[in-house]
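User: I should like to learn how to read the features of a protein model. Could we work through one together, step by step?

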Amino acid sequence: MSKKAIRTDKAPAPAGAYSQGVVAGGFLYTAGFGPQDPETGLVAPTVGEQTGQVLANISAVLAEQGLTLDDVVKATVHLENLKADFPEFNAVYQEHFSAPYPVRTTVGSDLANILVEIDVVAKLRD
């Protein structure tokens, strides 16, 4: 199986030995993205604002392959404060996706100075 790394300056650069995205087997897999603004490195204070930035970062990687959030089939979400932040996170998340929604796993995680991290799997277009 061949794989191809995806890279864009419109999303935060990897902080370690990983790709922003990888195309393999008919899918694009993204890294887990946090809410850093790729131009300034700043992080917004609320989980809603952070969720919007995370989805913008993911959208930038998808766009490099000609995809959008409509092509996402699976999302994995990590929330620092699962119970407290889920309603605000979910409201913003729903603004960015349309039915049929991707399958999603949402878990509470110990994140490094951020409130939300998301990775996705998107189906490549024929």
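Analyst: We may begin with burial, bearing in mind that this is a predicted model. Phenylalanine 89 and tyrosine 93 are both buried. A residue is called buried when its relative accessible area is under 20%.

User: How are the rings of phenylalanine 89 and tyrosine 93 arranged, and what are the distance and the angle?

Analyst: One considers the distance between ring centres and the angle between ring planes. The structure holds four aromatic pairs. In the pair of phenylalanine 89 and tyrosine 93, the centres are 5.5 Å apart and the planes make an angle of 50°, which is classed as tilted. Both residues belong to helix H2 (residues 82-96), and because they are four residues apart there, about one helical turn separates them.

User: Which residues do the ring pairs link into a cluster?

Analyst: Ring pairs can be followed from one residue to the next. Here they link Phe86, Phe89, Tyr93 and Phe97 into a cluster.

User: Which residue lies over the face of tyrosine 93?

Analyst: A charged side chain may also be placed relative to a ring. Arginine 104 lies over the face of tyrosine 93, 4.4 Å from the ring centre. In another case, lysine 123 has its charged end over the ring of phenylalanine 27, at 5.6 Å from the centre.

User: How many salt bridges does the count give?

Analyst: For a salt bridge, one looks for a side-chain nitrogen of Lys or Arg within 4 Å of a carboxyl oxygen of Asp or Glu. The count comes to two. One joins aspartate 9 to arginine 7, with the closest N and O atoms 3.6 Å apart. Aspartate 9 is exposed, at 66% relative accessibility, and arginine 7 is partly exposed, at 47%. Another joins the side chains of aspartate 71 and arginine 125, at 2.8 Å from N to O.

User: Where do aspartate 71 and arginine 125 lie, and why does the pair tie together separate parts?

Analyst: To answer, one places each partner along the chain. Aspartate 71 is in the loop between helix H1 (47-63) and strand E4 (72-79), whereas arginine 125 is in the segment after strand E6 (116-123), so their pairing ties together parts that are 54 residues apart in sequence. Aspartate 71 is buried, with a relative accessible area of 14%.

User: How should I read the backbone, and what joins alanine 99 and proline 100?

Analyst: Most peptide bonds are trans, and most residues other than glycine have a negative phi. Alanine 99 and proline 100 are joined by a cis peptide bond, with omega about -5°. Proline 100 lies in the loop between H2 and strand E5 (103-108).

User: Which sign does phi have at asparagine 113, positive or negative?

Analyst: Asparagine 113 has a positive phi, about 65°, although it is not a glycine. This asparagine 113 is in the loop between E5 and E6, and it is exposed at 76% relative accessibility.

User: How far apart in space are asparagine 57 and isoleucine 118?

Analyst: Separation along the chain and separation in space are to be read side by side. Asparagine 57 and isoleucine 118 are 61 residues apart along the chain, and their C-alpha atoms are separated by 9.8 Å. Asparagine 57 is in helix H1 and is buried, with a relative accessible area of 0%.

Other pairs may be read in the same manner. Proline 87, in helix H2, is exposed at 54%; it is 39 residues from glycine 48 in sequence and 9.3 Å from it, C-alpha to C-alpha. Alanine 91, also placed in helix H2, is 11 residues from glutamate 80 along the chain, with 17 Å between their C-alpha atoms.

User: What is the volume of the largest pocket, and which residues line it?

Analyst: A pocket is described by its volume and by its lining. The largest pocket has a volume of about 180 Å³. Its lining residues include Pro12, Tyr18, Gln36, Ile114 and Glu117. By class, the lining has seven nonpolar, four polar and one charged residues.

How values were computed. Residues are numbered from 1 along each chain as its sequence is written. This is a predicted model: local features need pLDDT of at least 70, side-chain atom pairs count only at pLDDT 80 or more; totals for chains, interfaces and linings use all residues. Side-chain values use heavy atoms; hydrogens and water are left out. On a 1 Å grid over the protein atoms alone, a cavity is a set of points where a 1.4 Å probe fits but cannot get out, and a pocket is an open set with protein on both sides within 12 Å along at least five of seven lines; lining residues have an atom within 4 Å of a point. Grid points are joined across faces, edges and corners, and a volume is the space filled by probe spheres set on the points. Ala, Val, Leu, Ile, Met, Phe, Trp, Tyr, Cys and Pro count as nonpolar, Asp, Glu, Lys and Arg as charged, and the others, Gly among them, as polar. Buried means under 20% relative accessible area, exposed over 50%, partly exposed in between (1.4 Å probe, protein chains only). Helices (H or I, at least four residues) and strands (E, at least two) are DSSP runs, numbered from the N terminus. Rings of Phe, Tyr and Trp (its six-membered ring) pair if their centres lie within 6.5 Å; planes under 30 degrees apart count as stacked, over 60 as edge-to-face and the rest as tilted. A charge sits over a ring if NZ of Lys or CZ of Arg is within 6 Å of the ring centre and within 35 degrees of the ring normal.
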